[in-house]
Amino acid sequence: MIDRLFTNAVLPDGRSVDLSIRDGRFAAIGPDLSADAATETVDLGGKLVLPGFVDGHIHLDKSFVGEPWQPHRPAASLRERLAAEKALLAKVRPTAQRADALIAQVAAFGTVAMRSHVDVDATTGLSHLHAVMEAREKWRDRMDIELVAFPQAGILTCPGTADILEAAIADGAEVVGGIDPEGMDGDSDGHLDVVFGLADRRGAKIDIHLHEGGAGGIAQLHRIAARTKALGLGERVAVSHAYALGDVDGAVLDGIARALADAGVAIMTNAPGDRAFPPILRLREHGVRVFAGNDNIRDAWWPYGNGDMLQRAMLIGYRSGFYRDEELAGALAMATEEAARALGLEPPRLEVGMAASFVALEADTPAAAVAAPPADRVVVHRGRVF
Ligand SMILES: [Zn+2]
């Protein structure tokens with residue numbers, strides 16, 4: 001029994017097909033599929049279908065989406081920024097409601113899964129985590145949400161945070177976060193002892209924010225790769241940003257790329273506008289998984305972003321100088337299959353047997369969709385039209 005039949009779809013390879021759905025999965029993909037009279041049929045009118053988007057890095061507890069516009073406030077230091085953020089967040093709606101508003105917005109763009117970092121520290125405790133878990137529960141049929149316990153204020157410099165991280169994992173966060181082991185905490189080994197120790201003990205994954213540039217950042221990446229390999233945590237560790245990879249080239253870059261690939265450490269980038277960021281193609285040549293995320297969306301850290309992963313793929317391509325179709329399609333893959341694999345999810349593929357989660361839009365090819373993301377979209381999640 002077919003639940004729904006989508007007709008007149010165009011696949012990324014250009015084939016015109018119909019898509020039949022049973023129990024939320026593709027039951028058949030091909031030309032001129034038939035359905036009985038009782039089956040609901042949706043005519044996609046020749047639209048291109050792309051796999052559902054996966055946001056590999058978002059902060060659901062920070063965003064002001066759904067709130068009145070908050071003008072950006074400059075801050076002279078990280079500590080000042082953290083204090084300004086706490087003051088701003090105290091004036092807006094509770095975390096669960098803001099998280100809900102952001103999930104609703106990105107779901108409408110076609111995102112079907114995400115990894116959200118959530119602040120935990122000695123003063124915030126688990127309040128943000130519990131609020132985001134409340135929003136996650138509300139969206140469980142529509143969005144796969146993985147949560148990172150993120151020590152935004154540091155671990156060693158914010159006493160009590162190690163215990164809070166442990167409690168966060170016990171309460172349901174799947175990933176242990178970290179941040180600038182040397183640059184923020186001043187003790188790389190101490191910081192990584194907490195992060196890797198907890199992940200190893202609890203069977204959690206790891207995703208570390210690393211903003212440290214140059215040789216210092218590369219040294220941290222080597223430490224992370226070595227610990228990942230020693231503990232056999234390959235494919236379960238990611239480093240977000242890793243700006244240092246954009247600061248170095250030649251033998252230094254090749255050396256760290258080989259170490260990351262060998263250990264199975266993935267790199268997340270959002271292609272930020274104001275600094276160097278990882279060279280995607282070079283890392284891929286070495287076998288490093290590179291995936292995409294939005295990171296901050298309209299919050300105390302920066303005013304930009306709407307949460308659309310197709311627009312993020314465009315920004316990644318724009319900043320990387322991707323002009324050729326295969327390069328643009330590669331930027332899209334960072335927001336679909338590569339991000340899904342980094343999160344340990346079933347890759348979102350338009351194939352029989354796979355979850356029927358896709359986005360239909362007016363574009364000739366995936367490259368065209370990335371180069372100029374269309375606004376109008378039909379979003380289908382596990383066979384249901386939204
Ligand atoms: Zn982040």
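Me: What makes a residue a donor residue of the zinc ion here?
Reply: Donors are N, O and S atoms within 2.8 Å of the metal. The model is predicted. In it, H57 (NE2), H59 (NE2), H209 (NE2) and D295 (OD) coordinate the zinc ion at 2.1 to 2.2 Å. Those distances lie within 2.8 Å, so these atoms count as donors. Along the sequence the donor residues follow the spacing H-x1-H-x149-H-x85-D.

Me: Why is the arrangement of the four donor atoms around the zinc ion called irregular?
Reply: The donor atoms subtend angles of 85 to 163°. Tetrahedral needs all angles between 85 and 135 degrees. The upper value, 163°, is outside that range, so tetrahedral is ruled out. The arrangement is therefore classed as irregular.

Me: Why are α6 and α7 called roughly parallel?
Reply: Helix α6 (residues 214-231) and helix α7 (residues 250-263) pack at about 25°, with axes 8 Å apart. Angles under 35 degrees count as roughly parallel. The pair is therefore roughly parallel. Their crossing is left-handed. On the α6 side, the contact includes I218, L221 and H222; on the α7 side, V252, G255 and I256 are among the residues met. By class, this contact has eight nonpolar, three polar and two charged residues.

Me: How do you know that α9 and α10 are oblique to each other?
Reply: Helix α9 (residues 309-320) and helix α10 (residues 325-334) pack at about 130°. Roughly perpendicular ends at 115 degrees, and roughly antiparallel starts over 145. The angle of about 130° falls between these limits, so the pair is oblique. The crossing is right-handed. L310, A313, I316 and G317 in α9 meet A331, L332 and M334 in α10. That contact has six nonpolar, one polar and no charged residues.

Terms used
Residues numbered from 1 in each chain as written. Predicted model: local features only at pLDDT ≥ 70, side-chain atom pairs only at ≥ 80, totals over all residues. Heavy atoms only, no water. Axes fitted to C-alpha atoms, helices over the stretch in contact; angles between N-to-C directions. Helix = DSSP H or I, 4+ residues; strand = E, 2+ residues; numbered from the N terminus. Parallel < 35°, antiparallel > 145°, perpendicular 65-115°, else oblique. Left-handed = near helix turned anticlockwise from the far one by under 90°. Contact = heavy atoms within 4.5 Å. Nonpolar A, V, L, I, M, F, W, Y, C, P; charged D, E, K, R; others polar. Donors = N, O, S within 2.8 Å, 3.2 Å for Na, K, Ca; no water. Tetrahedral: all angles 85-135°; square planar, octahedral: opposite > 155°, others 65-115°.
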